[in-house]
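Student: I've got a new model open and would like to talk it through with you. Can we take it piece by piece?

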Amino acid sequence: MKIVIPSKGRASVLQEKALRLFPDAVVCVGDDEVEAYAKVTGNLLVHPAGVVGIGPLRQWVMDNVADPVVVMVDDDVTHVYSQVGFHKRRIEDADTARAIVERLAIMAVDAGVRVFGFQQAARPLTYANFRPFSINTWVGGIVGVVGRELRYDTSLLLRADIDFCLQSLMLDRFVLVDGRYSFIHTRFAGSGGNARQRSADRHEQEIKYLRRKWGPYLDVVQAKGTTRLVVRVKR
């Protein structure tokens, strides 16, 4: 298993965020930022600066990392919550974080799953002890990929993860999501990262594209000023 942290414009804070949780990870950066990131880590994977956006960057990583299991971690991930019990428990220990990811990767390989990840929101009150795993939703923040049969849609700069998971769900009816843990990061906020690609127009354009592409298998729900994309692929 190879853990990769794609990062852009966050060399000054990376050690306080994803690299603190995964200090042995490969940090994937553009060739225009090598000097800045080399001061933070010597474990760099360098891509052409023109490779930008979620879809193109994730596919570039998959094409350039030889390990059959690659786990891509957003650079603004800061900690992980355990949701087992009445109160969520914050985990910041690097060895524990890696062990959590490694164990799910082993399960995914054993189960023949192509995509795996974790609960995206820490909500202990909605966690069900009798249903610790989900198998028909999508993952983001931390995305594990087994094999290279699936490819990212490189036209999607913002919403590529849900499209990738839908591909897996339509082929295998199975994306392995561990509901016991939630890795916390700030989505669609802050400078650096994918901020330059974000805009209201781009969000709307990609959501319309996904609705045309996936039809009844994807619902777009507006709630409290937030747009939620809900997968409707039955097992």
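**Strands, a helix and some holes**

Tutor: Sure, and keep in mind that this is a predicted model. To kick off, β1 and strand β4 (residues 69-73) run parallel and are joined by three bridges.

Student: Which residue is the bridge partner of V4 in β4?

Tutor: Stick with that parallel pair, β1 and β4, and its three bridges. V4 has its bridge partner there, and in β4 that partner is M72.

Student: And which residue stands opposite V4 in β2?

Tutor: β1 also pairs with strand β2 (residues 26-30), again in the parallel sense and over three bridges. Look across from V4 into β2 and you land on V26.

Student: Is strand β1 largely enclosed or not, and how many of its residues are buried?

Tutor: β1 covers residues 2-6, so there are five residues to check, and buried here means under 20% relative accessible area. The strand is largely enclosed by the rest of the structure, because the buried ones number four of the five.

Student: Which strands stand at the edges of the open sheet?

Tutor: The sheet has eight strands with mixed pairing, in the order β3-β2-β1-β4-β9-β7-β10-β8. An edge strand has a single partner strand, so one side of it is left without a neighbour in the sheet. That describes β3 (44-47) and β8.

Student: In the pairing of β7 and β9, which residue is the bridge partner of F116?

Tutor: Strand β7 (residues 115-118) and strand β9 (residues 142-146) pair in the antiparallel sense, over three bridges. Find F116, then cross to its bridge partner in β9, which is G144.

Student: Over to helix α6: what should its 15 residues span?

Tutor: The helix runs over residues 200-214, and the estimate uses 1.5 Å a residue. The end C-alpha atoms of α6 agree with that estimate, and both values are 21 Å.

Student: Within what arc do the buried residues of α6 fall?

Tutor: The buried residues are R202, H203, E206, I207, L210 and W214. Seen down the axis they line one face of the helix, because they fall within an arc of 130 degrees.

Student: Which exposed residues does the other face of α6 carry, turned away from its buried side?

Tutor: Exposed means over 50% relative accessible area. On the face of α6 turned away from the buried side, the residues that qualify are A200, D201 and R212.

Student: Which strand gives the largest share of the lining of the largest pocket?

Tutor: That pocket holds about 1,100 Å³ of space, and 32 residues line it, with Q119, Q120, A121, R123 and R228 nearest its centre. By class, the lining has 15 nonpolar, eleven polar and six charged residues. Both β8 (133-134) and β13 (226-231) supply at least two lining residues, but the largest share, six residues, comes from β13.

Student: How many charged residues are in the lining of the second largest cavity?

Tutor: There are two cavities of 30 Å³ or more, and the second largest has about 50 Å³ of space. Its lining is F118, Q119, Q120, G140, I142, F183 and H185. Sorted by class, that makes three nonpolar, four polar and, for charged residues, none.

Student: Last one: how far apart in space are G85 and Y37?

Tutor: G85 sits in the loop between β5 (79-82) and β6 (89-91), and G85 is partly exposed, with a relative accessible area of 42%. In sequence, G85 and Y37 are 48 residues apart. In space, C-alpha to C-alpha, the distance between G85 and Y37 is 39 Å.

Definitions and conventions
Residues numbered from 1 in each chain as written. Predicted model: local features only at pLDDT ≥ 70, side-chain atom pairs only at ≥ 80, totals over all residues. Heavy atoms only, no water. 1 Å grid on protein atoms, 1.4 Å probe; cavity = no way out; pocket = protein on both sides within 12 Å on 5 of 7 lines; lining within 4 Å. Points joined across faces, edges and corners; volume = space filled by probe spheres on them. Nonpolar A, V, L, I, M, F, W, Y, C, P; charged D, E, K, R; others polar. Buried < 20%, exposed > 50% of the residue type's maximum accessible area, 1.4 Å probe, protein only. Pairing = 2+ DSSP bridges. Expected span 1.5 Å × (residues − 1). Arc of directions from axis to C-beta.
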